[in-house]
Amino acid sequence: RSASANTTLINNGGVLRLTSQSGQIGTPSDFLLIRTGGTVFASALGDISLDQTGSLNLVADSTFGQVNALSSGDINLSNTRGDIRVGLIRAAGGILIQSVGQILAGDTLGAPANVTGASMTFIVGDGNLGMPAAPVLINTLPGSLFNAYAPGGLYVGEVSGDLLIGLVQSGGSMALSAAGSLMDNGTGQPMSSALEAAITLKQSGMAANALLQLLVPLALEDPP
């Protein structure tokens, strides 16, 4: 699902701020096509749907909707309040998703997975990654690592092929599934330094908001 046929294009070289006080940004059927060289700050009552040419650094706050994002490079998705509900997140490169609250599964918009890309790292500030009856569905590219940390439960399903596990840690129940095999990291790839920092800081008792304030700059410098 792409907005590539959309003739509307936002093109800028710095920070981009998009705000919808009572509606949505883009639509699930017509993503807003952007090309920006800086971080995108998006805030909406409803859904946020963006298609970025190149890598995307997105800080997305949706009050009642989900986040949909496409990128021809990497995706670095975070928020500043509440949970992140991932609808359709798809990147040609790596993906890092970190939330001050939970990371929950939304509507995949007809795709097989909520999140598709190369190596993925999920960092939950407070609560769960997915839910028992609604796991976050992922589709990692062959040879790509899956890393995740959640202080609560962790529920993730790989919809195609093997799930290659880097480091997965939760403070509650965990359920991992794969269409193929569940395998450890035999590639020698390191886990994300952002994930290492998250585990260390969270175990020290640092609050979720403070944790994310430290992790966002780190993740921007060290993509998955």
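The dialogue below goes through a predicted model, feature by feature.

Q: How many helices and strands does the chain have, and what is the mean pLDDT?
A: The chain has two helices and 19 strands. Its mean pLDDT is 86, and 79% of its residues reach 70 or more. In residues 210–224 the pLDDT is below 50, yet this stretch still has 34 contacts in the model beyond near neighbours in sequence.

Q: In what order do the strands of the open sheet lie?
A: The order is 2-4-6-8-10-13-15-17-19, nine strands in an open sheet with parallel pairing. Strand 2 (16–20) and strand 19 (182–184) are the edge strands, each pairing on one side only. From one strand to the next, the twist averages 20°.

Q: Which bridges join strand 2 to strand 4?
A: There are five bridges between strand 2 and strand 4 (residues 40–44), and the two strands run parallel. Within this pair, R17 stands opposite F41, and T19 has S43 as its bridge partner.

Q: Which residues of strand 2 are on the covered face, and which on the uncovered one?
A: L16, L18 and S20 make up the covered face, while R17 and T19 are on the uncovered one. The two residues just named as having partners in strand 4, R17 and T19, are thus from the uncovered face.

Q: What is the pairing at the other edge, between strand 17 and strand 19?
A: Strand 17 and strand 19 are joined by three bridges and run parallel. On its other side, strand 17 (residues 163–170) pairs with strand 15 (residues 145–150), again in the parallel sense, over five bridges. I165 can be followed across these pairs: it is the bridge partner of F146, and its own partner in strand 19 is D184.

Q: Is A42 buried or exposed, and what does it touch?
A: A42 belongs to strand 4. Its relative accessible area is 2%, so A42 counts as buried. Leaving out residues up to four places away in sequence, A42 touches L18, I25, I48, L58, V59, A60 and D61. One of these, V59, is 17 residues from A42 in sequence, with a C-alpha to C-alpha separation of 6.2 Å. Another, L18, is on the covered face of strand 2.

Q: What does the side chain of S62 reach?
A: S62 lies in strand 6 (residues 56–62), and with a relative accessibility of 12% it counts as buried. Its side chain reaches two backbone atoms: the oxygen of G46 at 2.6 Å and the nitrogen of G65 at 2.9 Å. Neighbours within four places in sequence aside, S62 is in contact with A44, L45, G46, D47, I48 and R81.

Q: Where do nonpolar side chains tend to be in soluble globular proteins?
A: They tend to be buried together. In this chain of 224 residues, 51% count as buried. The largest nonpolar core has 39 residues, of which L58, L77, V115, F122 and L129 touch the most other members. Strand 9 (residues 84–91) gives the most to this core, with four residues. Apart from it lies another core of five residues, including L70, L88, L109 and A111.

Q: Which residues does V115 touch?
A: Not counting residues up to four places away in sequence, V115 touches V86, I89, I95, I97, M120, F122, V136, L137, I138 and N139. F122 is also among the core members that touch the most others.

Q: What sign does phi have in most residues other than glycine, and what is the phi of L109?
A: Most residues other than glycine have a negative phi. L109 is not a glycine, but has a positive phi of about 60°. L109 sits in the loop between strand 11 (103–105) and strand 12 (115–117). With a relative accessible area of 13%, L109 is buried, and it is among the residues of the five-residue core.

Q: What share of the contacts join residues at least 24 apart in sequence?
A: Among contacts between residues at least 6 apart in sequence, the share is 37%.

Note on methods. Residues numbered from 1 in each chain as written. Predicted model: local features only at pLDDT ≥ 70, side-chain atom pairs only at ≥ 80, totals over all residues. Heavy atoms only, no water. Pairing = 2+ DSSP bridges. Axes fitted to C-alpha atoms, helices over the stretch in contact; angles between N-to-C directions. Buried < 20%, exposed > 50% of the residue type's maximum accessible area, 1.4 Å probe, protein only. Contact = heavy atoms within 4.5 Å. Polar contact = N/O pair within 3.5 Å; in protein donor to acceptor, adjacent residues only side chain to side chain. pLDDT = per-residue confidence, 0-100. Core = buried A, V, L, I, M, F, W, Y, C linked by side-chain atoms within 4.5 Å.
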